[in-house]
Amino acid sequence: MRRRILALAACAAMLFCGCRPAAVSAEAVPITAEGYTAEQIYEYFAQIAFASEYGGYRGTVCKWTDEIVCSVSGDYAEGEMEVLRDLAARLNAIEGFPGVTVTEDAEEANFTVNFVMQGELRTLFGESAAASSGMSRFYWTKKGGKIIRAETGIASNITPMNAKASVICEEFLQALGLSSDSYEYPESVFYEGYNGALRPAAIDWALIELLYSDSITPGMAEEDALAQARVLLGMEE
């Protein structure tokens, strides 16, 4: 089962800064993921954070800086909401993450999660979603790479529940700026093939911690972001 993501710019032309910020303190505790080396986390971040399957190679950092206000619509049950609540709680515990809350007022939301029948994904996302079980896209500012709005579609008729949970996790996290897939780690929600993981793997959370570190800023060029990632992972003095 393959999940798809589109990352669309708010404007056609994209201008990004390429300035390298000061390195984090050498005394900072490195970002880690149990069962993975710093090199594995670094290489996975390089695969996932700078491109998207349908949007092509972006080469710069995109991330939220304002609080994410999420609305949920469509055919969902307690199991689906439990997955979303767990994601929100874990994300809100990450230093540097701007926070995510859920609203019942869709007009207040800047992030919508839509549970629809698989065939309806095409209506929301176009022909590229025709064979997908989930898809997401985000819009970012012309200058600075700040994500300002996102939407996710989840096929409500996916079975079993663990498969649906995996799709929810992948699409939600991809809408935060980690917009690509990989065949590297089957346990990761970013795995391109079938994945029945109920929640993100340890390496997935490490990628979020890297992306939302204060040292990696919206609009930063890939080269500079990866240099900061090496510092954050304790790979550089």
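1. In this predicted model, helix H1 passes helix H6 in a right-handed crossing. The axes of H1, which spans residues 38-48, and of H6, which spans residues 222-232, come within 10 Å and cross at roughly 160 degrees, and that angle makes H1 roughly antiparallel to H6. On the H1 side the contact is made by Glu39, Tyr42, Phe45 and Ala46, and on the H6 side by Glu222, Leu226, Ala229 and Arg230. Sorted by class, the contact of H1 with H6 has 5 nonpolar residues and 3 charged ones, with no polar residues.

2. Helix H1 also meets helix H5, residues 202-211, where the two axes come within 10 Å and cross at roughly 70 degrees. Angles of 65 to 115 degrees count as roughly perpendicular, and H1 and H5 are therefore roughly perpendicular to each other. From H1 the contact draws on Gln40, Ile41, Tyr44, Phe45 and Ile48, while H5 contributes Ile203, Asp204, Ala206, Leu207, Leu210 and Leu211. The residues of this contact of H1 with H5 divide into 9 nonpolar, 1 polar and 1 charged. Phe45 deserves a second look, since this H1 residue is listed in the contact with H6 and is listed again in the contact with H5.

3. A further helix pair is formed by H2 and H4, the latter covering residues 161-174, and here the axes come within 10 Å and cross at roughly 40 degrees. H2 and H4 are therefore oblique to each other, and their crossing is right-handed. The contact is made by Gly79, Glu80, Val83, Leu84, Leu87 and Leu91 of H2, together with Met161, Lys164, Ala165, Ile168, Cys169, Phe172 and Leu173 of H4. By class, the residues of the contact of H2 with H4 divide into 10 nonpolar, 1 polar and 2 charged.

4. Turning to enclosed space, a search of the whole structure finds 1 cavity of 30 Å³ or more, and the largest cavity has a volume of about 30 Å³. The lining of the largest cavity consists of Cys70, Val72, Leu84, Ala88, Val100, Val102 and Phe172, and by class this lining has 7 nonpolar residues, no polar and no charged ones. At least two residues of the lining are supplied by each of strand S5 (68-74), helix H2 (78-92) and strand S6 (100-102). Two of these lining residues, Leu84 and Phe172, also belong to the contact of H2 with H4, with Leu84 on H2 and Phe172 on H4.

5. The open space should be considered separately, and about 270 Å³ of it lies in the largest pocket. Of the 15 residues that line the largest pocket, the closest to its centre are Ile31, Glu95, Glu209, Ser213 and Leu232. The residues of the lining of the largest pocket divide into 9 nonpolar, 3 polar and 3 charged, whereas the lining of the largest cavity has no polar and no charged residues.

How values were computed: Residues numbered from 1 in each chain as written. Predicted model: local features only at pLDDT ≥ 70, side-chain atom pairs only at ≥ 80, totals over all residues. Heavy atoms only, no water. Axes fitted to C-alpha atoms, helices over the stretch in contact; angles between N-to-C directions. Helix = DSSP H or I, 4+ residues; strand = E, 2+ residues; numbered from the N terminus. Parallel < 35°, antiparallel > 145°, perpendicular 65-115°, else oblique. Left-handed = near helix turned anticlockwise from the far one by under 90°. Contact = heavy atoms within 4.5 Å. Nonpolar A, V, L, I, M, F, W, Y, C, P; charged D, E, K, R; others polar. 1 Å grid on protein atoms, 1.4 Å probe; cavity = no way out; pocket = protein on both sides within 12 Å on 5 of 7 lines; lining within 4 Å. Points joined across faces, edges and corners; volume = space filled by probe spheres on them.
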